[in-house]
Each structure stands twice: as C-alpha cells, then as structure tokens.
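User: I have a new model open and would like to go through its main features with you. Could we take it piece by piece?
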Amino acid sequence: MKRYRSAIIALVGILILISGCKKYEQFPVDKVTINYVFDPKDSAGVNAQAFLYGVYAKLKNGHNRVGNDYLDAASDDAVSSSISATANVTVLSTAAFNSYTVPGDENVWGYYYQGIRSANEFITNIDVVPVLAKYKGYSIKYLWKSEARFLRAMFYFELVKRYGGVPLLGNKVFALNDNVALPRNSFADCINYIAGECDAIKDTLLTYPVQFPNADSHRATQGAAMALKARVLLYAASPLFNGGNIDAGNPLTGYTDFSAARWTQAAAAAKAVIDLQAYKLLDNYKDIFLTQNNPEIIFFRQGDFGSAIENVNGPIGFNNAGGRGQTSPSQDLANAFPMNNGLAITDPASGYDINNPYNNRDPRFTYNLLYNGAPWLNTQLQIYEGGQSKPNGSLQQTRTGYYMRKFMGNFENTSNYSTHNEDWIILRYADILLAYAEAQNEATGPTSDVYNALISIRKRAGIQAGTNNLYGLKAGITQDEMRMAIQNERRVELAFEESRYWDIRRWKIAQTVMNQPRTGVSISKAGSSLTYNYNTVLATKFQAPKMYLYPIPYDEVLKNPNMKQNPGW
C-alpha cells in the first residue's frame with residue numbers, strides 16, 4: 001500500500017513539472033509533453049504507472065466527503081450536527097438547491113469527466129510504452145489499460161446514478177478545437193456500455209487475492225469488475241429506472257419500458273461474483289473496516305492511518321480525545337435495527353423494552369451507533385440532557401441523542417484515540433449478497449437462495465438463529481414482505497456507506513421517507529431514572545419527481561445546445 005502513496009507522490013512531481021513550478025523544475029518546461037509520461041524508451045513504465053495511480057486518485061473517499069459530513073446525513077439515516085442550513089447535506093436533504101446551486105461535493109459532473117479524460121489519455125497512449133514486466137504472459141501495460149477502463153466505467157456509473165444518461169466519449173481525448181457540444185446518450189446505452197466494459201476487462205485484471213497484497217490491494221481486480229457490473233445492473237433494474245421512469249417516454253432518464261428480465265440479469269451478475277468463491281463474510285462486522293486486505297473487501301479507495309474519523313465524529317466532552325460529533329444518526333435509523341432475535345422492535349414478540357431501548361439489540365446497533373450508556377473511552381457515555389456528551393449550549397454536539405460509531409477504532413476501553421486504517425470501502429461481499437437477494441426476490445420471489453443470502457448476513461451480525469434457524473425471518477413470507485426485509489437489511493448492514501441515500505432513490509421511496517421529519521431522542525435524567533422523549537430535529541423535504549435525478553449543471557446546458565436538462569430543472 002505504501003507503493004500506492006509513493007506513486008501518487010511521483011505523479012504529483014510529474015504534474016508539478018508540467019505546470020512549470022520552478023522550484024522542482026529539472027529540465028525546461030517546454031520540453032515536457034505527453035511523451036514524457038508515456039515514454040517510448042521507458043521499459044519499466046514508471047511515469048505511465050504513476051499517471052495511472054493518479055486516475056485511481058479520482059475515486060472519492062467517502063469519509064466526511066460532503067462538506068465534512070457523510071452523504072447518509074442527507075438521507076433519513078442521519079443529519080449533520082451543524083445547525084447551519086447551508087451545510088451541504090442539509091441543503092440536499094431539505095431540497096434547497098437548483099441547477100445553479102447543487103452543493104459542490106455533489107456537483108460532480110466536471111470532476112468525473114476529468115477522471116474519464118485522464119483514463120482515456122492513459123488508454124490511448126500506453127501502447128507506446130515498451131513495458132517489459134509481464135502478467136499472464138503479456139506485457140503488464142495491458143493489465144494497466146484494463147484498470148484504466150475499470151476506473152472509467154466506475155466514473156460513468158457515478159454520473160449515471162446521479163443524472164441518468166450522459167455523453168459517452170469512447171476512447172476519444174478531445175482537443176481544444178474539437179466540437180464538444182455532445183448530446184447525452186440514452187440511459188440504456190450507458191448501462192450497456194458500463195456493463196460491457198466490465199465484461200470485456202474482467203479476465204485481464206488481477207485475480208483475488210492479488211499477487212502482492214501490500215502493493216496491489218487497492219487495484220481493480222476481476223472480482224471488482226464483476227461486482228461493479230452487478231451493482232450497475234441492480235440500479236438499472238430498480239423501480240426508478242425500470243418501469244418508474246420519472247419521464248415515461250424519455251430514454252435519457254431511464255428505460256421507457258419495464259422488463260422483469262433486468263432483475264434476472266442483475267441476479268445473475270451478483271451470483272457470478274458469489275460463484276467466484278474469492279470473497280467471504282468476515283466473522284466480526286467491525287473488523288471489515290479496520291482490517292486491511294480482508295477477504296470481504298472487493299474494492300476500496302485507499303485512505304490513511306489516522307484518527308480523523310474520531311476527531312470529526314467522536315462524541316464531545318472528552319478533554320483527552322478530540323471529537324465534535326459531526327454526524328448525528330437519526331432515531332429513524334436506530335429504530336430500523338431489530339432485536340438480537342432478529343425481530344423488528346415493532347413486533348410484540350421481539351422483547352423490545354421502551355424503558356430500556358438499547359438492550360438486546362442487533363449487535364450491529366452497537367457497531368454503528370453510540371448511544372446513552374454505551375462504553376467509550378473508559379466511561380459510559382452521558383448523552384442525556386446536560387450530560388458530558390450532551391451539555392447543550394452553543395457547542396456543536398449530537399442533535400439526535402446518538403453519535404456515529406461505525407468506522408471508528410476499538411476505543412471502548414482506552415483513554416484516547418490512536419491511529420488505525422481509514423480506507424473507504426467501495427465494494428464488499430455483503431453488498432453483493434444483498435444485491436443477489438434483492439434481484440432474485442424480484443425475479444422469482446423469496447426462494448431458498450434468497451433466504452440463505454439474507455440469513456448469512458444476519459448470522460454474521462450475531463443475530464440469534466431461533467428455533468427455526470431463520471435468524472428472525474418468518475417462514476413462507478411473501479415477495480413484498482421479503483422486499484421490505486431486504487431493504488431494511490441493506491439499511492442496517494450498509495449504514496453510512498453511501499448506500500441508503502441512493503437506495504431510497506432507486507426504490508423510488510424518497511418522496512415518502514424524506515417528506516417526513518427526521519427525529520431524535522431527548523433523554524431526561526432524574527436520579528437513576530431516564531425518560532426518553534422523541535422529537536423532530538429537522539424538517540427534510542423531497543420534491544418528486546424531479547429530485548430523483550440531479551439537474552445537469554446549468555453551465556453545461558448553457559454552453560452546449562445539444563445538452564438536454566433533466567425534467568423539472
């Protein structure tokens with residue numbers, strides 16, 4: 001992994017040379033051309049590989065990505081602890097934007113097209129580099145080219161899930177005098193292109209486990225290409241695009257028909273990843289995010305070793321440890337976690353106690369949320385009104401009665417924070433199992449395969465098997481009931497992983513869940529007695545149907561007469 005950082009540093013050096021910074025200039029700037037990066041005399045391909053790692057660097061790190069918040073704080077799972085109405089996630093969750101004012105961290109049209117251009121520059125120039133190193137009997141530069149194509153496919157998907165159909169550039173690198181007034185390709189064309197790219201490159205990528213895990217663990221693999229295809233087809237088969245197009249006859253905003261076969265294709269793509277038998281669920285849920293190169297991770301964006309997550313999101317009130325509680329998980333999310341017997345807290349048989357709401361919950365509750373009485377930094381958190389971590393006043397603190405726990409180190413029994421792995425996981429095996437369960441349920445109903453996929457997730461979480469070994473699932477449930485179970489399982493398993501924000505859109509339920517207020521808990525303490533009062537913390541808003549897709553940035557529409565805006569913007 002150090003090799004990745006070194007390569008990025010090398011790339012930065014190249015770019016500094018190209019930009020003409022005299023402090024680092026080693027030879028005349030006017031001599032630096034594309035031939036310096038793609039050098040026909042460089043048998044090691046040093047500069048070309050550094051350029052490729054720069055394309056990898058265009059992958060976004062989701063930790064506090066959106067104005068220092070997690071994207072899920074713009075969904076029904078959390079709110080920003082900042083009370084400012086201009087916080088990026090608050091702007092998103094309250095519908096306070098238009099085509100001019102999409103918050104910068106989500107106004108990604110130009111950003112990802114820059115990534116696509118860089119990938120195309122690599123793809124169209126790498127052939128001239130006479131790299132001697134080999135992989136599977138051929139020059140490793142062809143492996144690098146496949147990696148660039150994977151990254152390009154990933155960038156296109158990031159655009160399509162936000163905007164619908166976008167212009168497809170092929171391998172072309174546009175010059176200043178070229179006509180760039182390109183029309184948008186149809187949604188179907190974009191999905192076919194991305195899936196086709198994944199198919200074309202999967203057998204020329206590294207296989208997992210990679211040969212040199214410390215150096216290459218961040219790189220795209222066969223499994224990553226197959227998992228990306230599965231995710232793309234899952235989104236494409238979902239109601240927003242498949243039968244629920246917000247502009248029914250518009251091929252830019254989705255399919256113009258419904259086809260159940262799209263669910264079958266999505267299920268098959270996820271099953272293909274499962275059948276690789278290259279990945280497995282880790283025994284301990286927390287370890288997924290702390291243990292590098294573990295077999296549940298399919299693809300990730302490399303981060304640092306540090307304690308930034310704790311310093312930004314940790315509970316306040318500790319003089320020996322930083323923390324400003326940036327993310328406030330909602331009561332809505334807390335309620336989604338079942339009991340440790342797998343039953344929803346609304347089920348009379350669940351054993352839920354309204355006076356002790358945190359007892360006997362799904363273990364993932366304690367892995368994702370910090371709540372009143374939770375162990376942390378050698379104490380039990382005081383998140384009742386006036387408590388150590390809920391002092392009120394002007395200091396930023398939780399707005400909901402919860403702090404985020406996920407991604408943080410094991411600091412229950414320490415007095416301060418230490419460094420740990422902070423990689424951002426983009427694709428992991430549990431997500432593939434859930435994608436398979438969802439798509440297969442839509443295609444065939446709740447078969448044993450659907451049950452087994454869901455059971456494997458719940459079993460790993462630590463939910464009790466029960467007398468029927470169904471881990472809280474009911475026998476013989478309907479397709480609709482299974483759909484609800486899968487949607488909730490995604491919510492609790494993938495919390496804060498940039499899943500929920502997109503899921504409520506592709507399922508086309510955002511207009512329901514986001515037009516309800518976000519809630520939290522206010523806990524009053526009198527002696528040893530606690531009283532739980534549930535209250536509104538933010539009035540969120542979703543304008544349907546237009547907000548199911550982002551607006552094409554205004555300046556793109558203004559300068560390109562062939563660029564059609566999304567409906568309602």
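Analyst: Certainly. Helix H5 is a suitable place to begin: its buried residues are Trp 109, Tyr 112, Tyr 113, Gly 115, Ile 116, Ser 118, Ala 119, Asn 120, Glu 121, Phe 122 and Ile 123. Please note that this is a predicted model.

User: Which helices do the buried residues of H5 pack against?
Analyst: They pack against helix H3 (46-56), helix H6 (140-163) and helix H20 (554-559).

User: And how far apart are the end C-alpha atoms of H5?
Analyst: They are 24 Å apart. That agrees with expectation, because the 17 residues of H5 (residues 109-125), at 1.5 Å a residue, should span 24 Å.

User: Back to H3, then. How many of its residues are buried?
Analyst: In H3, 10 of the 11 residues are buried, so the helix is largely enclosed by the rest of the structure. Among them are Asn 47, Gln 49, Phe 51, Tyr 53 and Tyr 56.

User: What about the largest nonpolar core: which residues have the most contacts inside it?
Analyst: Phe 150 and Phe 299 do, in a core of 168 residues. The largest share of this core comes from H6, with 14 residues. In soluble globular proteins, nonpolar side chains tend to be buried together.

User: What does Phe 299 touch?
Analyst: Leaving aside residues up to four places away in sequence, its contacts include Tyr 56, Phe 150, Met 154, His 218, Arg 219 and Ile 426.

User: Which strand does S12 pair with, and in what sense?
Analyst: S12 pairs with strand S4 (residues 297-301) in the antiparallel sense, over four bridges. Arg 301 stands opposite Trp 424 in S12. Strand S12 (residues 424-428) is mostly covered, with five of its five residues buried.

User: Changing topic: is Trp 502 buried or exposed?
Analyst: Trp 502 counts as buried because its relative accessibility is 3%, under the 20% cut-off. This residue is in helix H18 (residues 500-506). Beyond four places in sequence, Trp 502 touches Leu 71, Glu 106, Lys 161, Arg 162, Tyr 235 and Tyr 550.

User: And Asp 332, what does its side chain reach?
Analyst: The side chain of Asp 332, a residue of helix H13 (residues 331-336), reaches the backbone nitrogen of Thr 519 at 3.3 Å. Asp 332 also touches Asp 76, Arg 491, Pro 517 and Arg 518.

User: Where does Thr 519 stand in the strand pairing?
Analyst: Thr 519 stands opposite Thr 536 in S14. Strand S13 (residues 518-526) and strand S14 (residues 529-538) run antiparallel and are joined by nine bridges. They form a hairpin with two residues between them, and Gly 527 in the turn has a positive phi of about 65°.

User: Which residues that are not glycine have a positive phi?
Analyst: Asn 68, with a phi of about 80°, and Lys 136, with a phi of about 55°, are examples. Asn 68 is in the loop between H3 and strand S1 (78-80), and Lys 136 is in the loop between strand S2 (134-135) and strand S3 (138-139). Both count as partly exposed, at 29% relative accessibility for Asn 68 and 48% for Lys 136.

User: Where is there a cis peptide bond?
Analyst: The bond from Ala 544 to Pro 545 is cis, with omega near 5°. Pro 545 is found in the loop between S14 and H20.

User: Last one: over which residues does pLDDT stay under 50?
Analyst: It does so over residues 1-32. Where pLDDT is low, the predicted coordinates should not be read in detail. The protein averages a pLDDT of 93, and 94% of the residues score at least 70.

Definitions and conventions. Residues are numbered from 1 along each chain as its sequence is written. Side-chain values use heavy atoms; hydrogens and water are left out. The expected span of a helix is 1.5 Å times one less than its number of residues. Buried means under 20% relative accessible area, exposed over 50%, partly exposed in between (1.4 Å probe, protein chains only). Contact means heavy atoms within 4.5 Å. A nonpolar core is a set of buried Ala, Val, Leu, Ile, Met, Phe, Trp, Tyr and Cys residues joined through side-chain atoms within 4.5 Å. A polar contact is a pair of N or O atoms within 3.5 Å; within protein, one must be able to donate a hydrogen and the other to accept it, and residues adjacent in sequence count only if both atoms are side-chain atoms. Two strands pair if DSSP finds at least two bridges between them. pLDDT is the predictor's confidence in each residue, from 0 to 100.
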